[in-house]
Amino acid sequence: LTANHVGSGPITLGGVTYPVVASSSIRLEHTPGVLTDLRLFRLVSDPGLDTLPIAASSPPISTEALLIGRGRDRGVPYTYGSYSGWRWGTTGSQRWGTNAVSQAAFDLTLSGAPLRVLGFSFNNLGGSVPEAIGTTGDSGGPAFVGSDLAGILVAIWSYGGQAAQTS
């Protein structure tokens, strides 16, 4: 399971690459005929991962979540008004961190695709310290609450006036 705008492709786990089964990739629908930004595909062989429980409902606001992505690395410190964060680096790597849910179960349309999403704010106003937040390249990564998959990273947004490529 990944973000549709990421697409399907081989996955490398523990140094082993698992190719995708040809013609197995399908885009999920929100309702019949209405596509969403989620995609499922099969791997040629089983990587031996445990079954992943999927949350049955959105977690409440302030619930801590673990975000995992493969986006831009942290660059130099950046301050915008009362907010402190980072400019994005030019390289990317897999990383993870925690943040508290700041918006739960709200509807968003992304490139014409309806989504029910969770929101996370990079504002040091509660939840984890230091906070994690998504960057370009993190799409398709998981958001876990406990051991349950609570969401897939699909979008990032900024405060009005915030410099591009900052978190």
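**A surface patch, paired strands and a buried threonine**

Leu1, Ile26 and Leu40 come together as a nonpolar patch on the surface, and their accessible area adds up to about 240 Å². Keep in mind that this is a predicted model. Below is a quick tour of the patch, the strands beside it in the listing, threonine 166, and two residues with a positive phi.

**The patch and its strands**

- Leucine 1, one of the patch residues, sits in the segment before strand E1 (2-3).
- With a relative accessible area of 41%, leucine 1 counts as partly exposed, because that class runs between 20% and 50%.
- E1 pairs with strand E5 (residues 34-40) in the antiparallel sense, over 2 bridges.
- Look at threonine 2 and you'll find its bridge partner in E5, arginine 39.
- Arginine 39 in E5 also has arginine 27 standing opposite.
- Strand E4 (residues 26-31) runs antiparallel to E5, and 4 bridges join the two.
- E4 and E5 make a hairpin with 2 residues between them. In the turn, glycine 33 has a positive phi of about 85°.

**Threonine 166, tucked away**

- You'll find threonine 166 in the segment after strand E12 (148-152).
- Is threonine 166 buried or exposed? Threonine 166 is buried, because its relative accessible area is 4% and the cut-off for buried is under 20%.
- The side chain of threonine 166 has a polar contact with the side chain of glutamine 162, at 2.8 Å.
- That threonine 166 side chain also reaches the backbone oxygen of alanine 163, at 2.7 Å.
- Setting aside neighbours within four places in sequence, threonine 166 is in contact with Tyr78, Trp86, Arg87 and Trp88.

**Positive phi outside glycine**

- Glutamine 165 isn't a glycine, yet its phi is positive, at about 55°.
- Like threonine 166, glutamine 165 belongs to the segment after E12.
- Glutamine 165 is partly exposed, with a relative accessible area of 44%, whereas threonine 166 is buried.
- Alanine 105 is another residue other than glycine with a positive phi, here near 50°.
- Alanine 105 lies within strand E9 (residues 95-110).
- How exposed is alanine 105, in relative accessible area? The value is 35%, so alanine 105 is partly exposed.

Terms used
Residues are numbered from 1 along each chain as its sequence is written. This is a predicted model: local features need pLDDT of at least 70, side-chain atom pairs count only at pLDDT 80 or more; totals for chains, interfaces and linings use all residues. Side-chain values use heavy atoms; hydrogens and water are left out. Buried means under 20% relative accessible area, exposed over 50%, partly exposed in between (1.4 Å probe, protein chains only). A polar contact is a pair of N or O atoms within 3.5 Å; within protein, one must be able to donate a hydrogen and the other to accept it, and residues adjacent in sequence count only if both atoms are side-chain atoms. Contact means heavy atoms within 4.5 Å. Patches are made of residues with over 30% relative accessible area and no salt bridge: like charges are joined within 9 Å, nonpolar side chains (Val, Leu, Ile, Met, Phe, Trp, Tyr) within 5 Å. Accessible areas come from the Shrake-Rupley method with a 1.4 Å probe; for residues, only the protein chains shown count as cover. A salt bridge is a side-chain nitrogen of Lys or Arg within 4 Å of a carboxyl oxygen of Asp or Glu. Two strands pair if DSSP finds at least two bridges between them.
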